[in-house]
Amino acid sequence: VWDWAEAASGSDWSEVQALEAGPSGSVYLMMRSRGGFTIQGQDFDDGHQDSNDFTAIAHFSASGTLIGKATIGRMSDTWGDAYPVAIEADGDNVYAMVEGRSTIGVGSVTLELNNNNDVAIFNISMVDGTASWAVSATAESLQRTLPNGNTESKGSRVEGFSMGLDK
């Protein structure tokens, strides 16, 4: 049984990348979008009037009210995926990871992602939508040991993501 549902209306396309449970029954929605969209009268866009993709995070209360929002904007041509957020115990800060290439940022906190598979992690306040820090990483190839003892190498690509908080 659903207690509530929410729709996003926009000018281009948007896709859900992650849905995470937060404290006190709240929910965090992470979306990748182009052209912006609106939820409960609040506009989500990257602040640039262009056709670049951006990532949005919406924080809903247990009753479905939008109580926080943030965007990770692209400042140049890019593509990429957004991965689930890790949420601090109080729900006020989240850690979001995106993959792609371009200059990317939340407000004044920006990073340059140069490789097609660079990743960035942002620490974002869901109270005011600002980032306190960000870090990026590049992986050229990954190697793993298979159960039979053989190794397998692949070009880098993030296929799954999990982050734990240690306080």
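Select Phe 37, Phe 44 and Phe 54, which form one aromatic cluster. The model on screen is predicted. Keep Phe 44 highlighted and add Lys 69, which lies over the face of the Phe 44 ring at 5.0 Å from the ring centre.

**The small sheet**

From Phe 37, move to its strand partner: select Gly 10, whose bridge partner in E4 is Phe 37. Widen the selection to strand E1 and to strand E4, residues 37-39; the two run antiparallel and are joined by 2 bridges. Together with E5 they make an open sheet of 3 strands, ordered E1-E4-E5, with antiparallel pairing. Its edge strands are E1 (9-10) and E5 (42-44), each of which pairs on one side only.

Now select Gln 40, which lies in the loop between E4 and E5. Its phi is near 50°, a positive value in a residue other than glycine. Most residues other than glycine have a negative phi. Gln 40 is partly exposed, with a relative accessible area of 37%.

**E2, E3 and the turn between them**

Next, show E2 and E3, which pair in the antiparallel sense over 8 bridges. The hairpin they form has 5 residues between the strands, and within it Ser 24 takes a positive phi near 55°. Select Ser 24 in this loop between E2 and E3. Is Ser 24 buried or exposed? At 74% relative accessibility, Ser 24 counts as exposed.

Stay with the same two strands and pick Glu 15, which stands opposite Arg 32 in E3. Display both side chains: Arg 32 and Glu 15 meet in a salt bridge, 3.3 Å from N to O. Arg 32 lies in strand E3 and Glu 15 in strand E2 (residues 13-21), so the pair ties together parts that are 17 residues apart in sequence. The count for the structure comes to 1 salt bridge. Side chains of opposite charge can pair when their charged atoms come close. Colour the two residues by accessibility: Arg 32 counts as buried because its relative accessibility, 12%, falls under the 20% limit, and Glu 15, at 31%, counts as partly exposed.

**E3 and E6**

Select the whole of E3. How many of its 8 residues are buried? E3 is mostly covered, with 7 of them buried. Add E6, which runs antiparallel to E3 and is joined to it by 8 bridges. To see where the strands face each other, select Tyr 28, which stands opposite His 59 in E6.

**Aromatic pairs**

The structure holds 4 aromatic pairs. For one of these, select Trp 4 and Phe 60, a tilted pair at 5.3 Å centre to centre with 45° between the planes. Trp 4 lies in the segment before E1 and Phe 60 in strand E6 (residues 53-60), so this pair ties together parts that are 56 residues apart in sequence. Trp 4 is partly exposed, with a relative accessible area of 24%, while Phe 60 is buried at 3% relative accessibility.

Go on to Tyr 95 and Trp 133, which also form a tilted aromatic pair, at 5.8 Å centre to centre and 45° between the planes. Here Tyr 95 lies in strand E9 and Trp 133 in strand E11 (residues 131-137), so the parts tied together are 38 residues apart in sequence. Tyr 95 is buried, with a relative accessible area of 9%; Trp 133, at 37%, counts as partly exposed.

**The nonpolar cores**

For the last stop, select Ile 57, Ile 72, Val 85, Val 94, Phe 122 and Ile 124. These have the most contacts inside the largest nonpolar core, which has 22 residues. At least two residues of this core come from each of strand E3 (27-34), strand E7 (66-74), strand E8 (80-87), strand E9 (93-106) and strand E10 (109-125). Which strand supplies the largest share of this core? E10 does, with 6 residues. Apart from this core lies another, of 10 residues, among them Met 31, Ile 39, Phe 54 and Ala 58. In soluble globular proteins, nonpolar side chains tend to be buried together.

Finish on Ile 124 and show what surrounds it. Leaving aside residues up to four places away in sequence, Ile 124 touches residues including Ile 57, Ala 70, Ile 72, Val 94, Ala 96 and Val 106. Among its other contacts are Asp 92, Asn 93, Gly 129, Thr 130 and Ala 131.

Definitions and conventions
Residues are numbered from 1 along each chain as its sequence is written. This is a predicted model: local features need pLDDT of at least 70, side-chain atom pairs count only at pLDDT 80 or more; totals for chains, interfaces and linings use all residues. Side-chain values use heavy atoms; hydrogens and water are left out. A nonpolar core is a set of buried Ala, Val, Leu, Ile, Met, Phe, Trp, Tyr and Cys residues joined through side-chain atoms within 4.5 Å. Buried means under 20% relative accessible area, exposed over 50%, partly exposed in between (1.4 Å probe, protein chains only). Helices (H or I, at least four residues) and strands (E, at least two) are DSSP runs, numbered from the N terminus. Contact means heavy atoms within 4.5 Å. Two strands pair if DSSP finds at least two bridges between them. A salt bridge is a side-chain nitrogen of Lys or Arg within 4 Å of a carboxyl oxygen of Asp or Glu. Rings of Phe, Tyr and Trp (its six-membered ring) pair if their centres lie within 6.5 Å; planes under 30 degrees apart count as stacked, over 60 as edge-to-face and the rest as tilted. A charge sits over a ring if NZ of Lys or CZ of Arg is within 6 Å of the ring centre and within 35 degrees of the ring normal.
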